[in-house]
Amino acid sequence: MAGGTPINRLPIMAKSVLDLYELYNLVIARGGLVDVINKKLWQEIIKGLHLPSSITSAAFTLRTHPSEATVTTTTTTH
């Protein structure tokens, strides 16, 4: 990944590896990270990732990953 930020460890949620590409696509489809945060669309993102709604910290945890996904995806596709 020339120019990108490497991900040193895989993010895990609900005992599964978090699909950062899918997370990125779901966030972008809803207007980007700022819109998802401001409009409180995290439940939609959680459903889109097929995560259990019982994870009470899912929104907080997911907020830390879109920036990683954005950096990785945009630098590898351009």
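Start by selecting tryptophan 42, which counts as buried at 6% relative accessibility. Buried means under 20% relative accessible area, exposed means over 50%, and partly exposed is in between (1.4 Å probe, protein chains only). Tryptophan 42 is found in helix α3. Now add valine 27 to your selection: 15 residues separate it from tryptophan 42 in sequence, and the two are 9.0 Å apart in space, C-alpha to C-alpha.

Before moving on, a word about what you're looking at. This is a predicted model, where local features need pLDDT of at least 70 and side-chain atom pairs count only at pLDDT 80 or more, while totals for chains, interfaces and linings use all residues. Residues are numbered from 1 along each chain as its sequence is written, and side-chain values use heavy atoms, with hydrogens and water left out.

**Zoom out**

Show the whole protein as a cartoon. You should find 5 helices and 2 strands, running β-β-α-α-α-α-α from the N terminus on. Those elements are DSSP runs numbered from the N terminus: helices are H or I with at least four residues, strands are E with at least two. Of the 78 residues in the protein, 31% are buried.

Next, colour by pLDDT, the predictor's confidence in each residue, from 0 to 100. The protein averages 78, and 77% of the residues score at least 70. Where is confidence lowest, and where is it highest? The low spot is helix α5 (residues 66–77), with a mean of 45, and the high spot is helix α1 (residues 20–29), at 93. Select residues 68–78 too: pLDDT stays under 50 there, and the model has 15 contacts for them beyond four places in sequence. A contact means heavy atoms within 4.5 Å. Where pLDDT is low, the predicted coordinates should not be read in detail.

**Helix α1**

Select helix α1 and show its side chains. Leu20, Leu23, Tyr24, Leu26 and Val27 are buried here. Turn the view until you look down the axis of α1: its buried residues fall within an arc of 165°, so they line one face of the helix. That arc is taken from the directions from the helix axis to the C-beta atoms. An α-helix has 3.6 residues a turn, so residues three or four places apart point the same way. On the other side of α1, look for Tyr21 and Ala29, which are exposed.

Pick out leucine 20 in helix α1. Leucine 20 has a relative accessible area of 12%, so it is buried. Now select leucine 62 as well: the pair is 42 residues apart along the chain, with 9.7 Å between the C-alpha atoms.

**The salt bridge**

How many salt bridges does the structure hold? There is 1. The term means a side-chain nitrogen of Lys or Arg within 4 Å of a carboxyl oxygen of Asp or Glu. To see it, select arginine 30 and glutamate 44, whose side chains meet at 2.9 Å, N to O. This pair links distant parts of the chain, 14 residues apart: arginine 30 sits in the loop between α1 and α2 (33–38), and glutamate 44 in helix α3. Both partners are partly exposed, arginine 30 with a relative accessible area of 24% and glutamate 44 at 38%. Side chains of opposite charge can pair when their charged atoms come close.

**Two unusual phi angles**

Head to alanine 14, in the loop between β1 (12–13) and β2 (16–17). Alanine 14 has a positive phi of about 55° although it is not a glycine. Most residues other than glycine have a negative phi. Alanine 14 is partly exposed, with a relative accessible area of 37%.

Then jump to histidine 50, in the loop between α3 (42–48) and α4 (58–63). Its phi is also positive, near 60°. Is histidine 50 buried or exposed? With a relative accessible area of 72%, histidine 50 is exposed.

**A meeting of loops**

Keep alanine 14 on screen and add isoleucine 55, which lies in the loop between α3 and α4. Isoleucine 55 and alanine 14 are 41 residues apart in sequence, yet 7.6 Å apart in space, C-alpha to C-alpha. Not counting residues up to four places away in sequence, isoleucine 55 touches Met13 and Ala14.

**Last stop**

Finish with isoleucine 12 in strand β1. Isoleucine 12 is exposed, with a relative accessible area of 52%.
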